[in-house]
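Here's a quick briefing to read with the structure open in your viewer. Take a look at the fold, then start with the question below.

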Amino acid sequence: MAPGRGWFNLEAGNGVIPDTSFFEGEPAFKFLNLSRTTRLYGFIGCLIAGFVLSLLGTVVLVFGMLVLFAVLYVLGTVISLVGTGFLIGFIKQTRLMFKPVRIAASIILIASIGLVFVGAFALRNGVLSLIFVFIEYLAYTWYTLSYIPYARAAVTKAVGLG
């Protein structure tokens, strides 16, 4: 494919990336006038950075560093979540988090982030911290699925709950 055409040329407006709700509203860092391409790269960068931090957290857990694990893992989750702000803006992201369709997942996600810290810092209990990390992961997954039409219904049906 020729340079400047196709997927990488998001500015062309040729229908490759449609104007959906993810590119509407106040984008993050509006004062910098970031293009849609740059905002998409910011989103992808945050997802990758979040994954790497969470993975590093898992590695340090193997060496028994519970507090560092908690910090890295939660930071990875938060950076991944912040990445969406590059697409739709942080204020809109916050409003969307507390819509009725995803408020339960958002509250469980935020609570589990706090509880991972409680388990690691206050209680110094690795098993409890891992349970909270697992709950955090499930809540983040459920939250993310709420943005994809019919994804939650498909998952519940696939696991035999629907």
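Why does L68 count as partly exposed? L68 has a relative accessibility of 38%, and partly exposed covers the range between the buried cut-off of under 20% and the exposed cut-off of over 50%, so that's the class it lands in. Keep in mind that this is a predicted model.

**Overall build**
- The protein has six helices and zero strands, so to speak an α-α-α-α-α-α run when you read from the N terminus on.
- Of the 162 residues in the protein, 35% are buried.
- Take the contacts with a separation of 6 or more: 62% of them link residues 24 or more positions apart.
- About 9700 Å² of the protein is exposed, and carbon and sulfur atoms supply 74% of that area.

**Inside: the nonpolar cores**
- The largest nonpolar core holds 19 residues, and F69, L81, L109, V116, V133 and Y143 have the most contacts inside it.
- Four helices each supply at least two residues of this core: α1 (36-62), α2 (66-88), α4 (103-122) and α5 (126-145).
- The top contributor to this core is α2, with seven residues.
- Leaving out residues up to four places away in sequence, V133 touches F69, Y73 and V116.
- Another core, of seven residues, lies apart from the largest one; L40, F43, F86 and L96 are among its members.

**Outside: a nonpolar patch**
- On the surface, a nonpolar patch of about 1200 Å² is made by Y41, I44, I48, F51, V52, L55, L56, V59, V62, F63, M65 and L68.
- Helix α1 gives the largest share of this patch, nine residues.
- L68, the residue from the opening question, is one of the patch members and sits in helix α2.

**What the UniProt record says**
- An unreviewed UniProt entry places the feature "transmembrane region" at residues 40-64, 70-91, 103-123 and 129-148.
- In the model, residues 40-64 are 92% helix and 0% strand, with the end C-alpha atoms of the span 36 Å apart.
- Residues 70-91 come out at 95% helix and 0% strand, and there the end C-alpha atoms are 27 Å apart.

Technical notes
Residues numbered from 1 in each chain as written. Predicted model: local features only at pLDDT ≥ 70, side-chain atom pairs only at ≥ 80, totals over all residues. Heavy atoms only, no water. Core = buried A, V, L, I, M, F, W, Y, C linked by side-chain atoms within 4.5 Å. Buried < 20%, exposed > 50% of the residue type's maximum accessible area, 1.4 Å probe, protein only. Contact = heavy atoms within 4.5 Å. UniProt positions renumbered as here; feature names shortened; annotations may be inferred. Patch = residues over 30% accessible without salt bridge, like charges linked within 9 Å, V, L, I, M, F, W, Y side chains within 5 Å. Areas by Shrake-Rupley, 256 points an atom, 1.4 Å probe, with all protein chains shown as cover. Salt bridge = Lys/Arg side-chain N within 4 Å of Asp/Glu carboxyl O.
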